[in-house]
Amino acid sequence: MVRKKSSVVFVSLGCPKALVDSEQILSELRAEGYGISAGYDGADVVVVNTCGFIDDAIAESLEAIEEALDENGKVIVTGCLGAKDPDLMKRFPKLLAVTGPHAKREVMQAIHKVCPPAHDPHIDLLPPGGIKLTPRHYAYLKISEGCNHRCTFCIIPDLRGDLVSRSVGSVLQEAEALVSAGVKELLVVSQDTSAYGVDLKYRPDLVGTSMVRNHIQDLARELGQLDAWIRMHYIYPYPHVDTLIPLMADGLILPYLDIPFQHASQRVLKAMKRPAHAEKVLNRIAKWREQCPDITLRSTFIVGFPGETDEDFQVLLDFLDEAQLDRVGCFAYSAVDGAKANALADPVDEAIKQSRLEIFMNHQAQISAAKLQAKIGRTLDIIIDEVGEDGAIGRSKADAPEIDGVVHVLGDASSMHSGDIIPVKIEAADAHDLQGVQAD
């Protein structure tokens, strides 16, 4: 469907540097298909680029803001006065947004909220949200590259370098564009999601009218304002991960934590150069569940790591019993060219690795099956992935695409579409998946 082209009135005041800012914003507007209007009547939004250097310039800017509000009512303020006067929103409470100078990204975000850019499938080079290889209703949101850790089994830092975080503004801009394009679920990914912003020293950036830190907690909170499921992946178990749990309990992000523990034996974890406090992990898990009873915990583990003994493996099985994780993946250790673990003593025989992997997965399967059985009789929100003649396939908040289980929705699915979120009453379960019918 071709959306009506939106029009913008642009009032540019101040010095040549401000004029360049205006030109850049106008170029972006034209590139996105907006019309530039000379009059207030019928315009979808007004942008006033202000000056705040001397009193006369401030007075001129304030007069321009008042006129735009009187004549149109939908006004975004940018420029030096936006940064200089923190009380501008109090003076003009009907303003849609206020930003400082050099804020093209924030101005475009504010315009997108008022009037999303028109999309014409016949002439646009890119669809809304860009080219995606996932179904239209969910998308991966990568927030950083690289990793600062030096786990002995991993060569990611050699391949991708140290952590480089995207700015919080750019991440939120992409997220907003994806949601505007119809995405219903954003899966936040990186090599080390919980380290987001550490390379930027967690500095705050102006996003819209608010200062937002480049920090996973602040980013998650801002993403939680969007009309989409927000799912967090690859969370390294830093202490500050605890601050995400209240956001889950409040419904801002999904109660789902993908946190790779890798092992439970303190001796093996030390050889891996991973956090080595399984008892503290269990205490944290208990506190997470106390704060957010519906939280789903997913993790991955490695068995057969060099030097792993029968005793170490038993510690891992005991940890599974204590932790009662919802979703678990496991791999038999495999030497990767360049990994430091290859030089460790006492490599585990391949047959023993495979035996431990089978024992591990069977052990966890019993835990997972019991957890799924406990959901029978409950009504869960399900996002639909596929619709067929005999029903639909979807996922609950506990299920990430491709790696977790699914929910088979039986019955007439003719009114369902991919991306719909519907209530489903769970009637049956196996070791991996759920089955149910749409609830009234």
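Me: How much space lies in the second largest pocket of this predicted model?

Reply: The second largest pocket holds about 740 Å³ of space. The model is a predicted one.

Me: Which residues are closest to the centre of the second largest pocket?

Reply: Of the 27 residues that line this pocket, Phe153, Cys154, Pro260, Gln262 and Thr300 are the closest to its centre. The elements that contribute two or more residues to the lining are α6 (156–160), β14 (296–303) and β15 (327–332). The largest share, four residues, is that of β14.

Me: How do the residues of this lining divide into nonpolar, polar and charged?

Reply: The lining consists of 16 nonpolar, six polar and five charged residues. Phe, Cys and Pro count as nonpolar, so Phe153, Cys154 and Pro260, which are among the residues closest to the centre, belong to the nonpolar class.

Me: Why are helices α12 and α13 called roughly parallel?

Reply: Helix α12 (residues 310–323) and helix α13 (residues 350–373) pack at an angle of about 15 degrees. Angles under 35 degrees count as roughly parallel, and α12 and α13 are therefore roughly parallel to each other. Their axes lie 10 Å apart, and α12 passes α13 in a right-handed crossing.

Me: What makes β2 and β5 edge strands?

Reply: The open sheet to which they belong has five strands, in the order β2-β1-β3-β4-β5, with parallel pairing. Strands β2 (35–37) and β5 (97–98) each pair on one side only, and are thus its edge strands.

Me: How do you know that β3 and β4 pair?

Reply: Two strands count as paired if there are at least two bridges between them. Strand β3 (residues 45–50) and strand β4 (residues 75–79) have five bridges, in the parallel sense, so the criterion is met. One of the bridge partners in β4 is Gly79, which is matched with Thr50.

Me: What makes β19 a partner of both β16 and β20?

Reply: The requirement is again at least two bridges. Strand β19 (residues 421–429) pairs with strand β16 (residues 379–388) in the antiparallel sense over five bridges. With strand β20 (residues 434–438), β19 likewise pairs in the antiparallel sense over five bridges. Both pairings therefore satisfy the requirement. On the β16 side, Asp381 has Pro423 of β19 as its bridge partner; towards β20, Ala428 stands opposite Gln435.

Me: How many residues lie between β19 and β20 in their hairpin?

Reply: Four residues lie between β19 and β20 in the hairpin that these strands form.

Note on methods. Residues numbered from 1 in each chain as written. Predicted model: local features only at pLDDT ≥ 70, side-chain atom pairs only at ≥ 80, totals over all residues. Heavy atoms only, no water. 1 Å grid on protein atoms, 1.4 Å probe; cavity = no way out; pocket = protein on both sides within 12 Å on 5 of 7 lines; lining within 4 Å. Points joined across faces, edges and corners; volume = space filled by probe spheres on them. Axes fitted to C-alpha atoms, helices over the stretch in contact; angles between N-to-C directions. Parallel < 35°, antiparallel > 145°, perpendicular 65-115°, else oblique. Left-handed = near helix turned anticlockwise from the far one by under 90°.
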